[in-house]
Amino acid sequence: MSETKSGPQPRASVLQIKAYVPGTAREGAGKVYKLSSNETPLGPSPKARHAYVEAAEHLELYPDGGATALRQAIGARYGIDPNRIVCGAGSDELISLLCQTYLEPGDETVYSQHGFLMYKISTLASGGVPVVAPETDLTTDVDAMLACVTDRTRLVFLANPNNPTGTYLPFEEVRRLHAGLPDDVILVLDAAYAEYVRRNDYSAGIDLVANANNVVMMRTFSKIHGLAAVRLGWAFCPEAIADILNRVRGPFNVNTPAIAAGVAAIGDAAFMDKAIAHNERWLPWLTGELETLGLSVTPSVGNFILVHFPDTDGKRAPDADACLQDRGVYVRRMEAYGLPHALRVTIGTEEANRLVVEALAAFMRNG
Ligand SMILES: Cc1ncc(COP(=O)(O)O)c(C=O)c1O
(Lines give C-alpha, C1' and ligand atoms only; values in the text may rest on other atoms or scores of the structure.)
Protein backbone atom coordinates (compact mmCIF):
# COMPACT_ATOMS: atom_id res chain seq x y z
CA MET A 1 0.00 0.00 0.00
CA SER A 2 1.45 3.35 -0.94
CA GLU A 3 1.92 5.83 1.90
CA THR A 4 -0.61 8.68 1.63
CA LYS A 5 0.60 12.08 2.72
CA SER A 6 -1.57 14.28 4.85
CA GLY A 7 -0.90 17.49 6.74
CA PRO A 8 2.02 19.84 6.24
CA GLN A 9 5.03 18.32 4.45
CA PRO A 10 8.65 19.46 4.68
CA ARG A 11 10.84 19.60 1.57
CA ALA A 12 11.48 16.02 0.47
CA SER A 13 15.20 15.98 1.27
CA VAL A 14 14.51 16.82 4.92
CA LEU A 15 12.89 13.42 5.39
CA GLN A 16 16.28 11.81 4.71
CA ILE A 17 17.81 13.50 7.75
CA LYS A 18 18.55 11.37 10.78
CA ALA A 19 18.59 13.73 13.76
CA TYR A 20 22.07 14.43 15.14
CA VAL A 21 22.60 12.49 18.36
CA PRO A 22 24.94 14.41 20.65
CA GLY A 23 27.44 12.79 23.00
CA THR A 24 25.94 11.90 26.36
CA ALA A 25 26.96 11.13 29.91
CA ARG A 26 24.26 9.81 32.21
CA GLU A 27 24.58 10.93 35.78
CA GLY A 28 24.99 7.78 37.86
CA ALA A 29 25.69 6.96 41.47
CA GLY A 30 29.42 7.62 41.13
CA LYS A 31 31.61 10.13 39.34
CA VAL A 32 30.93 10.54 35.61
CA TYR A 33 33.55 11.33 32.95
CA LYS A 34 32.15 12.77 29.71
CA LEU A 35 34.55 11.99 26.88
CA SER A 36 31.88 11.92 24.19
CA SER A 37 31.84 15.43 22.68
CA ASN A 38 35.47 16.54 22.35
CA GLU A 39 35.01 19.14 25.07
CA THR A 40 38.04 20.37 26.99
CA PRO A 41 38.65 18.79 30.39
CA LEU A 42 40.01 22.12 31.67
CA GLY A 43 36.72 24.02 31.86
CA PRO A 44 36.37 27.54 30.45
CA SER A 45 39.05 30.19 30.85
CA PRO A 46 38.37 31.87 34.25
CA LYS A 47 38.49 35.21 32.41
CA ALA A 48 35.76 34.07 30.02
CA ARG A 49 33.64 32.81 32.88
CA HIS A 50 33.99 36.15 34.68
CA ALA A 51 33.05 38.10 31.53
CA TYR A 52 30.03 35.86 31.00
CA VAL A 53 28.77 36.43 34.54
CA GLU A 54 29.30 40.19 34.27
CA ALA A 55 27.26 40.26 31.06
CA ALA A 56 24.32 38.86 33.02
CA GLU A 57 23.84 42.35 34.51
CA HIS A 58 22.17 43.54 31.31
CA LEU A 59 20.14 40.70 29.92
CA GLU A 60 17.32 43.15 29.19
CA LEU A 61 19.27 44.61 26.25
CA TYR A 62 19.53 43.13 22.77
CA PRO A 63 23.04 42.08 21.81
CA ASP A 64 25.23 44.09 19.46
CA GLY A 65 23.98 42.45 16.26
CA GLY A 66 27.36 42.90 14.61
CA ALA A 67 29.28 41.24 17.50
CA THR A 68 31.73 44.10 16.90
CA ALA A 69 33.91 43.64 19.99
CA LEU A 70 34.33 39.96 19.26
CA ARG A 71 35.15 40.43 15.58
CA GLN A 72 37.70 43.09 16.54
CA ALA A 73 39.28 40.82 19.16
CA ILE A 74 39.51 37.94 16.69
CA GLY A 75 40.82 40.26 13.98
CA ALA A 76 43.55 41.56 16.29
CA ARG A 77 44.50 38.07 17.47
CA TYR A 78 44.88 36.64 13.95
CA GLY A 79 45.83 39.79 12.03
CA ILE A 80 42.75 39.65 9.80
CA ASP A 81 40.11 42.17 8.74
CA PRO A 82 37.16 42.15 11.22
CA ASN A 83 34.82 43.14 8.38
CA ARG A 84 35.44 39.75 6.82
CA ILE A 85 34.54 37.83 10.00
CA VAL A 86 31.02 36.51 10.56
CA CYS A 87 30.12 35.10 13.97
CA GLY A 88 27.57 32.40 14.58
CA ALA A 89 25.89 30.39 17.32
CA GLY A 90 28.55 27.71 17.02
CA SER A 91 30.15 26.72 13.75
CA ASP A 92 27.08 24.52 13.32
CA GLU A 93 25.12 27.67 12.54
CA LEU A 94 27.73 28.81 10.04
CA ILE A 95 27.57 25.45 8.22
CA SER A 96 23.81 25.78 8.08
CA LEU A 97 23.98 29.41 6.85
CA LEU A 98 26.38 28.47 4.06
CA CYS A 99 24.03 25.71 2.88
CA GLN A 100 20.93 27.90 3.13
CA THR A 101 22.63 30.66 1.23
CA TYR A 102 24.51 28.88 -1.54
CA LEU A 103 22.38 25.83 -2.39
CA GLU A 104 19.47 25.76 -4.78
CA PRO A 105 17.41 22.54 -4.56
CA GLY A 106 19.39 19.76 -6.26
CA ASP A 107 22.75 21.49 -5.85
CA GLU A 108 25.50 19.34 -4.42
CA THR A 109 27.93 19.53 -1.53
CA VAL A 110 31.02 17.35 -1.33
CA TYR A 111 32.69 16.10 1.84
CA SER A 112 34.74 13.07 2.79
CA GLN A 113 33.41 9.68 3.87
CA HIS A 114 33.79 10.25 7.60
CA GLY A 115 33.35 14.00 7.49
CA PHE A 116 31.53 15.83 10.29
CA LEU A 117 27.81 14.87 10.29
CA MET A 118 26.44 18.41 10.17
CA TYR A 119 27.59 18.80 6.54
CA LYS A 120 25.07 16.16 5.49
CA ILE A 121 22.28 17.40 7.77
CA SER A 122 22.58 21.03 6.67
CA THR A 123 22.83 20.05 3.01
CA LEU A 124 19.61 18.01 3.17
CA ALA A 125 17.86 20.69 5.24
CA SER A 126 18.53 23.13 2.39
CA GLY A 127 17.28 20.82 -0.36
CA GLY A 128 20.80 19.98 -1.46
CA VAL A 129 22.34 16.65 -2.40
CA PRO A 130 25.23 15.35 -0.26
CA VAL A 131 28.03 13.71 -2.25
CA VAL A 132 30.49 11.63 -0.24
CA ALA A 133 34.11 11.16 -1.36
CA PRO A 134 35.88 7.96 -0.27
CA GLU A 135 38.82 8.32 2.10
CA THR A 136 42.21 6.63 2.04
CA ASP A 137 43.31 5.28 5.44
CA LEU A 138 40.58 7.29 7.17
CA THR A 139 42.08 10.46 5.68
CA THR A 140 40.57 12.85 3.16
CA ASP A 141 41.68 11.98 -0.37
CA VAL A 142 42.01 15.13 -2.47
CA ASP A 143 41.77 13.29 -5.79
CA ALA A 144 38.61 11.50 -4.64
CA MET A 145 37.10 14.81 -3.50
CA LEU A 146 37.90 16.47 -6.83
CA ALA A 147 36.46 13.50 -8.72
CA CYS A 148 33.12 14.17 -6.98
CA VAL A 149 32.86 17.75 -8.22
CA THR A 150 30.23 18.31 -10.91
CA ASP A 151 28.60 21.40 -12.36
CA ARG A 152 26.01 21.13 -9.55
CA THR A 153 28.65 21.36 -6.79
CA ARG A 154 28.40 24.58 -4.78
CA LEU A 155 30.21 23.79 -1.51
CA VAL A 156 33.12 21.50 -0.60
CA PHE A 157 33.49 20.92 3.15
CA LEU A 158 36.85 19.90 4.57
CA ALA A 159 37.16 19.34 8.31
CA ASN A 160 40.88 19.72 8.94
CA PRO A 161 41.65 18.00 11.26
CA ASN A 162 38.64 15.80 10.72
CA ASN A 163 36.20 14.71 13.39
CA PRO A 164 35.83 11.78 14.16
CA THR A 165 38.99 10.36 12.55
CA GLY A 166 41.50 12.87 13.98
CA THR A 167 43.48 12.81 10.72
CA TYR A 168 44.52 15.92 8.81
CA LEU A 169 45.64 17.16 5.41
CA PRO A 170 48.95 19.02 5.04
CA PHE A 171 48.44 22.54 3.70
CA GLU A 172 49.96 21.65 0.33
CA GLU A 173 47.14 19.14 -0.12
CA VAL A 174 44.55 21.76 0.86
CA ARG A 175 46.04 24.09 -1.74
CA ARG A 176 45.87 21.31 -4.32
CA LEU A 177 42.19 20.76 -3.48
CA HIS A 178 41.50 24.46 -3.85
CA ALA A 179 43.44 24.69 -7.11
CA GLY A 180 41.30 21.89 -8.57
CA LEU A 181 37.97 23.58 -7.82
CA PRO A 182 36.08 25.85 -10.19
CA ASP A 183 35.97 29.38 -8.81
CA ASP A 184 32.20 29.31 -8.28
CA VAL A 185 32.58 26.47 -5.74
CA ILE A 186 33.24 27.49 -2.14
CA LEU A 187 35.88 25.52 -0.24
CA VAL A 188 34.88 25.52 3.44
CA LEU A 189 37.82 24.81 5.74
CA ASP A 190 36.40 23.71 9.08
CA ALA A 191 39.27 24.16 11.49
CA ALA A 192 37.42 23.39 14.74
CA TYR A 193 40.48 21.63 16.20
CA ALA A 194 43.22 23.75 14.62
CA GLU A 195 44.70 24.98 17.89
CA TYR A 196 45.57 21.46 18.98
CA VAL A 197 47.56 20.58 15.85
CA ARG A 198 51.35 20.40 16.34
CA ARG A 199 52.53 19.76 12.77
CA ASN A 200 54.76 22.02 10.67
CA ASP A 201 52.93 21.17 7.47
CA TYR A 202 49.51 22.14 8.84
CA SER A 203 47.68 25.43 8.38
CA ALA A 204 44.10 26.30 9.26
CA GLY A 205 43.99 28.20 5.96
CA ILE A 206 43.90 31.91 6.82
CA ASP A 207 46.33 32.70 3.97
CA LEU A 208 44.15 30.89 1.49
CA VAL A 209 41.04 32.82 2.54
CA ALA A 210 42.97 36.08 2.39
CA ASN A 211 43.95 35.51 -1.23
CA ALA A 212 40.98 33.74 -2.83
CA ASN A 213 37.35 34.68 -3.43
CA ASN A 214 35.98 31.20 -2.81
CA VAL A 215 37.46 29.95 0.48
CA VAL A 216 35.90 30.25 3.94
CA MET A 217 37.61 29.16 7.17
CA MET A 218 35.49 28.34 10.21
CA ARG A 219 36.60 28.20 13.85
CA THR A 220 34.84 27.43 17.09
CA PHE A 221 35.00 28.50 20.73
CA SER A 222 33.57 25.11 21.74
CA LYS A 223 36.79 23.12 21.85
CA ILE A 224 40.07 24.58 23.10
CA HIS A 225 38.38 27.68 24.56
CA GLY A 226 36.00 25.57 26.61
CA LEU A 227 32.86 27.52 25.67
CA ALA A 228 30.70 24.82 24.06
CA ALA A 229 27.73 25.78 26.24
CA VAL A 230 27.55 29.36 24.98
CA ARG A 231 27.45 28.36 21.27
CA LEU A 232 30.02 30.51 19.51
CA GLY A 233 31.89 30.13 16.24
CA TRP A 234 33.27 32.38 13.52
CA ALA A 235 34.05 32.35 9.85
CA PHE A 236 36.76 34.28 8.00
CA CYS A 237 35.35 34.94 4.54
CA PRO A 238 35.95 36.77 1.29
CA GLU A 239 34.23 40.17 1.54
CA ALA A 240 31.38 39.20 -0.79
CA ILE A 241 30.58 36.04 1.16
CA ALA A 242 30.64 37.89 4.50
CA ASP A 243 28.21 40.41 3.04
CA ILE A 244 25.83 37.66 1.93
CA LEU A 245 25.98 35.73 5.21
CA ASN A 246 25.28 38.95 7.12
CA ARG A 247 22.09 39.39 5.12
CA VAL A 248 20.89 35.86 5.83
CA ARG A 249 21.82 35.34 9.48
CA GLY A 250 19.51 36.32 12.33
CA PRO A 251 20.16 39.92 13.35
CA PHE A 252 21.08 38.85 16.92
CA ASN A 253 22.38 35.34 16.26
CA VAL A 254 25.15 35.65 18.83
CA ASN A 255 24.13 36.62 22.36
CA THR A 256 25.75 39.18 24.67
CA PRO A 257 27.23 36.81 27.28
CA ALA A 258 28.69 34.71 24.45
CA ILE A 259 30.30 37.78 22.87
CA ALA A 260 31.77 38.83 26.24
CA ALA A 261 33.07 35.34 26.99
CA GLY A 262 34.53 35.04 23.49
CA VAL A 263 36.42 38.34 23.76
CA ALA A 264 37.92 37.27 27.09
CA ALA A 265 38.77 33.77 25.82
CA ILE A 266 40.53 34.93 22.68
CA GLY A 267 42.72 37.18 24.85
CA ASP A 268 43.63 34.44 27.33
CA ALA A 269 46.74 33.04 25.68
CA ALA A 270 48.00 31.47 28.92
CA PHE A 271 44.83 29.38 29.19
CA MET A 272 45.20 28.18 25.62
CA ASP A 273 48.85 27.27 26.23
CA LYS A 274 47.77 25.20 29.21
CA ALA A 275 45.19 23.37 27.11
CA ILE A 276 47.73 22.68 24.35
CA ALA A 277 50.28 21.39 26.87
CA HIS A 278 47.66 19.11 28.43
CA ASN A 279 46.77 17.66 25.04
CA GLU A 280 50.42 17.26 24.03
CA ARG A 281 51.03 15.22 27.15
CA TRP A 282 47.91 13.02 27.15
CA LEU A 283 47.16 12.48 23.44
CA PRO A 284 50.35 10.45 22.84
CA TRP A 285 50.07 8.79 26.25
CA LEU A 286 46.53 7.53 25.70
CA THR A 287 47.33 6.46 22.13
CA GLY A 288 50.41 4.53 23.25
CA GLU A 289 48.73 2.85 26.21
CA LEU A 290 45.79 1.64 24.12
CA GLU A 291 48.11 0.35 21.42
CA THR A 292 50.02 -1.56 24.09
CA LEU A 293 46.72 -3.27 24.93
CA GLY A 294 46.56 -4.49 21.35
CA LEU A 295 44.01 -1.95 20.14
CA SER A 296 44.47 -0.02 16.94
CA VAL A 297 44.27 3.78 17.23
CA THR A 298 44.07 6.12 14.24
CA PRO A 299 46.91 8.69 14.62
CA SER A 300 45.19 11.90 15.73
CA VAL A 301 46.24 15.54 15.77
CA GLY A 302 43.11 16.67 17.63
CA ASN A 303 41.90 16.34 21.23
CA PHE A 304 40.35 12.93 20.65
CA ILE A 305 41.24 9.50 19.32
CA LEU A 306 39.43 6.92 17.24
CA VAL A 307 39.95 3.48 18.79
CA HIS A 308 39.22 0.34 16.76
CA PHE A 309 37.96 -2.84 18.40
CA PRO A 310 38.07 -6.44 17.20
CA ASP A 311 35.05 -7.87 15.38
CA THR A 312 34.82 -10.86 17.72
CA ASP A 313 32.25 -11.86 20.31
CA GLY A 314 32.61 -10.02 23.58
CA LYS A 315 35.32 -7.68 22.25
CA ARG A 316 33.31 -5.42 19.99
CA ALA A 317 33.03 -1.64 20.34
CA PRO A 318 29.56 -1.76 21.99
CA ASP A 319 30.94 -4.23 24.57
CA ALA A 320 33.84 -1.88 25.29
CA ASP A 321 31.42 1.03 25.53
CA ALA A 322 29.34 -0.86 28.12
CA CYS A 323 32.49 -1.70 30.10
CA LEU A 324 33.56 1.97 30.12
CA GLN A 325 30.08 3.09 31.16
CA ASP A 326 30.19 0.68 34.10
CA ARG A 327 33.05 2.84 35.39
CA GLY A 328 31.29 6.10 34.64
CA VAL A 329 33.22 6.80 31.42
CA TYR A 330 31.13 7.97 28.45
CA VAL A 331 32.67 7.95 24.98
CA ARG A 332 31.11 8.25 21.51
CA ARG A 333 29.71 5.31 19.55
CA MET A 334 30.49 5.62 15.85
CA GLU A 335 27.65 3.81 14.05
CA ALA A 336 26.30 7.12 12.75
CA TYR A 337 29.65 7.64 10.98
CA GLY A 338 29.68 4.15 9.48
CA LEU A 339 32.41 3.03 11.91
CA PRO A 340 30.59 0.45 14.05
CA HIS A 341 33.81 -1.15 15.29
CA ALA A 342 35.27 2.08 16.64
CA LEU A 343 34.75 4.36 19.62
CA ARG A 344 35.84 7.99 19.74
CA VAL A 345 37.44 9.00 23.00
CA THR A 346 38.07 12.63 23.96
CA ILE A 347 41.30 13.39 25.82
CA GLY A 348 40.17 14.02 29.39
CA THR A 349 41.68 14.85 32.74
CA GLU A 350 44.57 12.71 33.92
CA GLU A 351 42.11 10.82 36.12
CA ALA A 352 39.74 10.14 33.21
CA ASN A 353 42.52 9.09 30.85
CA ARG A 354 43.95 6.65 33.36
CA LEU A 355 40.49 5.24 34.00
CA VAL A 356 39.99 4.64 30.25
CA VAL A 357 43.22 2.65 30.11
CA GLU A 358 42.42 0.72 33.28
CA ALA A 359 38.91 -0.14 32.05
CA LEU A 360 40.03 -1.19 28.58
CA ALA A 361 42.94 -3.21 29.98
CA ALA A 362 40.43 -5.20 32.04
CA PHE A 363 38.12 -5.43 29.02
CA MET A 364 40.82 -6.81 26.75
CA ARG A 365 41.91 -9.29 29.44
CA ASN A 366 38.45 -10.55 30.38
CA GLY A 367 35.97 -9.54 27.76
C1 LIG B 1 34.71 19.34 12.72
C2 LIG B 1 33.69 20.08 13.53
N3 LIG B 1 33.14 21.17 13.01
C4 LIG B 1 32.23 21.88 13.68
C5 LIG B 1 31.80 21.48 14.94
C6 LIG B 1 30.71 22.27 15.60
O7 LIG B 1 31.18 23.05 16.61
P8 LIG B 1 30.29 24.15 17.28
O9 LIG B 1 30.18 23.75 18.71
O10 LIG B 1 31.06 25.41 17.08
O11 LIG B 1 28.95 24.21 16.61
C12 LIG B 1 32.34 20.34 15.53
C13 LIG B 1 31.86 19.89 16.84
O14 LIG B 1 32.05 18.80 17.29
C15 LIG B 1 33.31 19.62 14.80
O16 LIG B 1 33.83 18.50 15.29
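**Exercise 1. Determine whether Thr167 is buried or exposed, and describe its surroundings.**

Step 1. In this predicted model, Thr167 has a relative accessible area of 10%. Because buried means under 20% relative accessible area, exposed over 50% and partly exposed in between (1.4 Å probe, protein chains only), Thr167 counts as buried.

Step 2. Thr167 is placed in the loop between strand S5 (153–159) and helix H6 (171–179). Helices (H or I, at least four residues) and strands (E, at least two) are DSSP runs, numbered from the N terminus.

Step 3. A polar atom of the Thr167 side chain lies 2.8 Å from the backbone oxygen of Leu138.

Step 4. Contact means heavy atoms within 4.5 Å. Not counting residues up to four places away in sequence, Thr167 touches Leu138, Thr139, Pro161, Asn162, Thr298 and Pro299.

The model is a prediction in which local features need pLDDT of at least 70 and side-chain atom pairs count only at pLDDT 80 or more, while totals for chains, interfaces and linings use all residues. Residues are numbered from 1 along each chain as its sequence is written, and side-chain values use heavy atoms, with hydrogens and water left out.

**Exercise 2. Locate Asn253 and identify the side chain with which its own side chain makes a polar contact.**

Step 1. The loop between helix H8 (239–248) and helix H9 (256–266) contains Asn253.

Step 2. The relative accessibility of Asn253 is 14%, so the residue counts as buried.

Step 3. A polar contact is a pair of N or O atoms within 3.5 Å; within protein, one must be able to donate a hydrogen and the other to accept it, and residues adjacent in sequence count only if both atoms are side-chain atoms. The side chain of Asn253 makes such a contact with the side chain of Glu93, at 3.1 Å.

Step 4. Residues up to four places away in sequence aside, Asn253 touches Cys87, Gly88, Ala89 and Glu93.

**Exercise 3. State how many disulfides the structure holds, and examine Cys148 and Cys237.**

Step 1. A disulfide is a pair of cysteine sulfur atoms within 2.5 Å. The structure holds zero disulfides.

Step 2. For Cys148, which is in no disulfide, the nearest cysteine sulfur is that of Cys99, 16 Å away. For Cys237, likewise in no disulfide, the nearest cysteine sulfur belongs to Cys87 and is 9.9 Å away.

Step 3. Cys148 is buried, with a relative accessible area of 15%. Cys237 is also buried, at 0%.

**Exercise 4. Describe how helix H2 (residues 68–78) and H9 are arranged.**

Step 1. The axes of H2 and H9 come within 9 Å and cross at roughly 15 degrees.

Step 2. Because angles under 35 degrees count as roughly parallel, over 145 as roughly antiparallel, 65 to 115 as roughly perpendicular and the rest as oblique, H2 is roughly parallel to H9.

Step 3. In H2, Ala69, Leu70, Ala73, Ile74, Arg77 and Tyr78 meet Ile259, Gly262, Val263 and Ile266 in H9.

**Exercise 5. Find which residues Gly328 contacts, beyond its neighbours within four places in sequence.**

Step 1. Gly328 is situated in the loop between helix H11 (317–326) and strand S11 (329–330). Its relative accessible area is 8%, so Gly328 is buried.

Step 2. The C-alpha atoms of Gly328 and Tyr33 are 5.9 Å apart, although 295 residues separate the two along the chain.

Step 3. With those sequence neighbours left aside, Gly328 is in contact with Lys31, Val32 and Tyr33.

Note on methods. Axes are lines fitted to C-alpha atoms, for helices over the stretch in contact, and angles run from 0 to 180 degrees between N-to-C directions.
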